[in-house]
Amino acid sequence: MLQHVLLERDIYASEEHKMMQSMIQDFIAKDIIDQTEDWEKNGMVSREVWERAGELGLLCIDMPEAYGGSGLDFSFSALFIEELAKQGVTGPGFSLHSDIIAPYLLKYGTEAQKQKYLPIMATGKIITSLGMTEPNCGSDLRAITTHATDQGDHYVVNGQKTFITNGYMSDMSIVAVKTNVGTDHEGVSLLIMESTMEGFEKGKPFKKIGMKAQDTCELFFDNVQVPKENLLGEEGQGFKIMMTELARERLTVGLNAIGGAEGALKNTIAYTSTRTAFKQPIANFQNTQFKLAECATQLQLHQAFLDRCSILLSQHKLTAESASMAKYAATEMHGNVVDECLQLFGGYGYMWDYPIAKMYADNRVARIYAGTNEIMKVLIARGLFKELFAEMRKK
């Protein structure tokens, strides 16, 4: 029913997109849905689902074929993100792996680093994570205390990271560290660290209010020796790299939000069409119709903006401000839509067996990770007053 109201999206209109969409839906139905309950109990997914995604070419979709990717454009990655979100699939951290770690390596890695990691990442035989956040610093990445001491041919890393998606299952992590601490050259650098390195330890997966099948944990580094060839990009350029790549990360969060909102709407339309009250379907009530009409309108508006942002990303034109708008606006919309939809389920909406309950719990963190929505507003405002702030700095 919802597809009759929403305009067809040009970004996913090609036959190639439709074929991939069908394959993704089949993958979710056969390899994910029936496993979800066990994954939630375990606090993590299986390695088999990662390898299955690799077999289907669903990992590192827009990486060049020379490095094991599918060589497609970002819209295919966006489609995968949305299809997972529509079904409320939050366990496998595919997007972090394919849309954040892989581009870091492709853009800033040496040829040896690309050849070593990207092809095997595309198969799903290794799982990756990103070590940025620390217990005492969230969005302020300049304040990290994990540090790497230069020992000539290697670094010695000490510190701790927290809230790491894919953390417990990860075989490799790109970790933000301070280098040249206490000198004029102090700065943030990125190191490729493998979980088998001595002194690299993982905490137990956190017990969260949502995204229960997604393994999220702490990482600990106790005198971990990291070869110099594992430096990603130039020393001291880590903060600049992270800021540059955050636009893509924030767009993926926004895409997940519009996919999740569409899934919530479809579930609620189906439920209200069959659930009765006062001897008639709930959908007959004007309040139900008005609430869902409002939700569908907001979804349509955000789909159009996110589609435009996806095109800009493919053209390397997506600005930090636009990505911040996409992340902030879409996640706020998603939260409002899921809340309205849950209300229409009544008491059943609060039961974990109903997908809408999981969607309600799962989506809340999107307004926090990849930079809180408050930080998004700060970044947008900086863009609005860029010239003013530049003049103030001159004075």
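These notebook entries follow strand β5 and then the aromatic rings of a predicted model.

Entry 1, ground rules. I number residues from 1 along each chain as its sequence is written, and side-chain values use heavy atoms, with hydrogens and water left out. Because the model is predicted, local features need pLDDT of at least 70 and side-chain atom pairs count only at pLDDT 80 or more, while totals for chains, interfaces and linings use all residues.

Entry 2, strand β5. I looked up β5 (residues 187–194), a strand being a DSSP run of E of at least two residues, numbered from the N terminus as helices are (H or I, at least four). Seven of its eight residues are buried, so β5 is largely enclosed by the rest of the structure; buried means under 20% relative accessible area, exposed over 50% and partly exposed in between, with a 1.4 Å probe and protein chains only. Strands pair if DSSP finds at least two bridges between them, and β4 (residues 172–179) pairs with β5 in the antiparallel sense over eight bridges, with Ile-192 as the bridge partner of Ile-174.

Entry 3, Tyr-354. I counted nine aromatic pairs, taking rings of Phe, Tyr and Trp (its six-membered ring) with centres within 6.5 Å, planes under 30 degrees apart being stacked, over 60 edge-to-face and the rest tilted. One of them joins Tyr-271 and Tyr-354 edge-to-face, at 6.4 Å centre to centre and 90 degrees between the planes. Tyr-271 lies in helix α8 and Tyr-354 in the loop between α10 and α11, so the pair ties together parts that are 83 residues apart in sequence.
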